[in-house]
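Hi there,

Here is the structure I promised to pass on to you. Have a look at it first, and my notes follow just below.

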Amino acid sequence: MFKMKRLVLFVLSSIFAMIIAYGQQDTTTFTKVGDKAPLFICKTTDGRTIDISKLQDKIVMINFFATWCGPCNLELPVLQKNIWDKYKNNPDFVLIILGREHTEKEVLNFVKSKKFTMPFAPDPKREIFKLYASGLIPRNVIIGKDGKIIFQSIGYTEKEFNKMESFLAEVLR
């Protein structure tokens with residue numbers, strides 16, 4: 001009888017925890033899948049200007065990071081290996097990695113120290129970030145060829161990253 005009561009208590013506690021978790025909404029994200037992606041122009045650390053409005057008919061992936069962010073530092077090498085190295089020569093794919101609250105010099109020093117080859121750009125005043133969210137990084141946004149957001153994620157877990165990888169593989173077929 002005691003084991004049955006513990007099992008019922010465990011099940012009810014689990015259900016209650018799930019209700020609370022699902023009841024809390026992310027208030028930091030300003031965009032949702034299906035929205036037209038906010039437009040911006042940025043200059044990468046290698047001197048290229050990227051204008052989102054001119055990238056129609058391309059799949060655009062935006063990653064927001066900070067040099068001090070632990071999960072970002074876990075995600076970026078995986079992004080380099082599993083996405084950039086795989087799709088960098090795909091004419092239908094554009095990647096932009098934005099350093100939230102970082103100057104060009106800070107981003108450049110970070111890129112050189114980590115030996116990344118991906119396209120990074122500074123966003124020192126959060127001017128681009130604030131079009132998409134108010135907080136929480138790393139953050140990934142994938143924009144479809146029609147200019148609408150087709151995927152978003154916050155944080156870094158291997159499972160979520162794998163989901164994003166599979167999604168990209170599908171849309172870049």
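D85 has a relative accessibility of 40%, so it counts as partly exposed. This is a predicted model, by the way, so please read everything here in that light. The partner of D85 is K88: the two form a salt bridge in which the closest N and O atoms are 4.0 Å apart. K88 is also in the partly exposed class, because its relative accessibility is 38%.

That pair is one part of a longer list, as the count comes to 7 salt bridges. Two others may interest you.

The first to mention joins K145 and D92, with 3.7 Å between the closest N and O atoms. K145 sits in the loop between strand 6 (139-143) and strand 7 (149-154), while D92 belongs to the loop between helix 2 and strand 4, so this salt bridge ties together parts that are 53 residues apart in sequence. As for accessibility, K145 comes out at 36% and is therefore partly exposed. D92 is partly exposed too, with a relative accessible area of 31%.

The other one brings together the side chains of R173 and E170, at 3.7 Å from N to O. Are these two residues buried or exposed? R173 is exposed, its relative accessible area being 78%, whereas E170 is partly exposed at 49%. The cut-off matters for E170, because a residue has to be over 50% to be called exposed.

Now to helix 3, which I think you will enjoy looking at. This helix covers residues 104-114, and V107, F110 and V111 are buried in it. Why do these residues end up on the same side of helix 3? They cover an arc of only 95 degrees around the axis, which places them on one side of the helix. K105, K112 and S113 are on the other side of helix 3, and these residues are exposed.

What do the buried residues of helix 3 pack against? Their packing partners are strand 3 (59-65), helix 2 (70-87), strand 4 (93-100) and strand 5 (120-123). Helix 2 and strand 4 may sound familiar from above, since D92 lies in the loop between them.

One last detail for when you have the backbone on screen: K115, just after helix 3, takes a positive phi of about 60 degrees.

Happy to talk it through whenever suits you.

Best wishes

Terms used
Residues are numbered from 1 along each chain as its sequence is written. This is a predicted model: local features need pLDDT of at least 70, side-chain atom pairs count only at pLDDT 80 or more; totals for chains, interfaces and linings use all residues. Side-chain values use heavy atoms; hydrogens and water are left out. Buried means under 20% relative accessible area, exposed over 50%, partly exposed in between (1.4 Å probe, protein chains only). Helices (H or I, at least four residues) and strands (E, at least two) are DSSP runs, numbered from the N terminus. The arc is that of the directions from the helix axis to the C-beta atoms. Contact means heavy atoms within 4.5 Å.
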